[in-house]
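Here are my notes after going through the model you sent. I've kept them as numbered points so you can reply to each in turn.

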Amino acid sequence: MKGQYLSPPVDDRLIWDAWLAMHNLPAMLAADDIGLFDALVDGPLALDDLAARCDVNARALGITNSLLCGLGFLVRRDGRYGLTPTSRNYLVKTSNFYWGALLSGFRASAPGTELLLAALAPDAKPKGGDNAQGWEAGDIPLDRAIGIAAFMHAHSCAPAIGVAQHPVFADVKRFLDIGAGSGVFTIAVAQRWKELRGSVLDLGTMCTAAQKYIDEGEVADRVDTVPLDFFRQPWPSGYDAHFFSNVFHDWSDETCLELARKSFDALPSGGRIMLHEALINDNLDGPTTPASFSVLMLYGTQGRQFTLPEFKALLGKAGFVDCEATATCGYYSLVIARKP
């Protein structure tokens, strides 16, 4: 998008729904393969007990179960998972109405099933795809960086405009977008708030790819790039807001806490950390599309989507206070917390 970013007349949830529906059948097939529905015939089970019964790792099962809950095949109450009338009648192998013979015939055309089963293995240790491993290693080739920037820009442009409407930016003077991809959020915020100066922080090749979008957004006079490996190099000071979009969902909880602590250390008193993510329901039971996004993170990165209480707890461990969330566009929310 060249020039000023203008809000679209509708949000993009239908596009997200169509894209991430690709995990619906794999989740059903994987659940059938591990005997998930059969394990619940005698009554609801807590996650750890259900994982033990199915011989899978609990973390991956919890992520998968959020999608199955969103789809209406599981229900979660008081921390335990149970069958719904649909799953009891149509997905339990001993049922007269069991659909397994039909569904299993499409397993070859649903490759996500094998990826999900690999992630569910008891000893699975998620490494993520090439992009996640590139960030972890601090090395992404320029041609791949250009592709990543285009990919991220495509699904982040409308949400970026939504983020830029938040009144918190009236108090922000210097904005650091960490793991910024195309820089779309910095561009949108800089266009909306003319007194704000922003920086796009990412690996060198990603910054090179982002420069095209900064120039086209006509904000190069107030937005610069900071080529930096945020895992290995010291973070710059002088910023009163740190922004991460689709970053925390790429990494393990331990790595996310490390990033939050690095942010806390680099921010001044009163500075803010901002996390832009598609949130999972507090009860871990959907919504369907964010839960499917979490499944993509499960096998495509090292992470998952979070609930707001999980973010509050994580940011609290790093020292932040006053954590709250505001919807921005579609399935996304902006989570903001403050350094005392």
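1. Let's start with D215, which counts as partly exposed because its relative accessibility is 43%, between the 20% and 50% limits. Keep in mind that this is a predicted model. D215 belongs to helix α12, residues 204-216. If you want a long distance to check, take D215 to D48: the C-alpha atoms are 51 Å apart, with the two positions 167 residues apart in sequence numbering.

2. Next, P227, in strand β6 (residues 223-227). Is P227 buried or exposed? Its relative accessibility is 51%, so P227 counts as exposed, the cut-off being over 50%. Once neighbours within four places in sequence are set aside, P227 still touches D202, G204 and C207. From P227 to H166, 61 residues away along the chain, the C-alpha separation is 27 Å.

3. Now the helix packing, beginning with α4 (residues 47-54) and α5 (residues 58-71). The axes of α4 and α5 come within 9 Å and cross at roughly 105°, so α4 is roughly perpendicular to α5. On the α4 side, the contact uses L47, D48, L50 and A51; α5 brings A58, L61, G62 and N65. D48, by the way, is the far end of the 51 Å distance from D215.

4. Helix α5 has another packing partner in α2 (residues 24-33). Here the angle is about 110° and the axes are 10 Å apart, which means α2 is roughly perpendicular to α5. The crossing of α2 past α5 is left-handed. Which residues make this contact? From α2 they are N24, A27, M28 and A31, and from α5 they are L67, L68 and L71.

5. On to the aromatics: I have 16 aromatic pairs for the structure. Take F175 and F243, whose ring centres are 5.4 Å apart with the planes at 40°, so this pair is tilted; the tilted class runs between the 30 and 60 degree cut-offs. F175 sits in strand β4 (residues 174-178) and F243 in strand β7 (residues 241-245). With 68 residues separating them, the pair links distant parts of the chain. Both rings belong to buried residues.

6. There is also an aromatic cluster, made up of W16, W19, F151, F293 and Y332. If you're picking side chains to display, those five go together as one group.

7. Two arginines sit over rings. R174 lies over the face of Y239, 4.2 Å from the ring centre. The charged end of R192 is placed over the ring of W193, and there the distance to the centre is 4.3 Å.

8. Last, some backbone geometry to look at. Most residues other than glycine have a negative phi, and most peptide bonds are trans. D78 has a positive phi, near 50°, and lies in the loop between β2 (74-77) and β3 (80-83). D78 is exposed because its relative accessible area is 79%, again over the 50% cut-off. D322, in strand β9 (residues 321-327), also has a positive phi, about 55°, without being a glycine.

9. One peptide bond for the same list: the bond from G286 to P287 is cis, with omega near -5°. P287 is in the loop between β8 (272-278) and α14 (288-300).

Terms used:
Residues numbered from 1 in each chain as written. Predicted model: local features only at pLDDT ≥ 70, side-chain atom pairs only at ≥ 80, totals over all residues. Heavy atoms only, no water. Phe/Tyr/Trp six-rings, centres within 6.5 Å; stacked < 30°, edge-to-face > 60°. Helix = DSSP H or I, 4+ residues; strand = E, 2+ residues; numbered from the N terminus. Buried < 20%, exposed > 50% of the residue type's maximum accessible area, 1.4 Å probe, protein only. Lys NZ or Arg CZ within 6 Å of the ring centre and 35° of its normal. Axes fitted to C-alpha atoms, helices over the stretch in contact; angles between N-to-C directions. Parallel < 35°, antiparallel > 145°, perpendicular 65-115°, else oblique. Left-handed = near helix turned anticlockwise from the far one by under 90°. Contact = heavy atoms within 4.5 Å.
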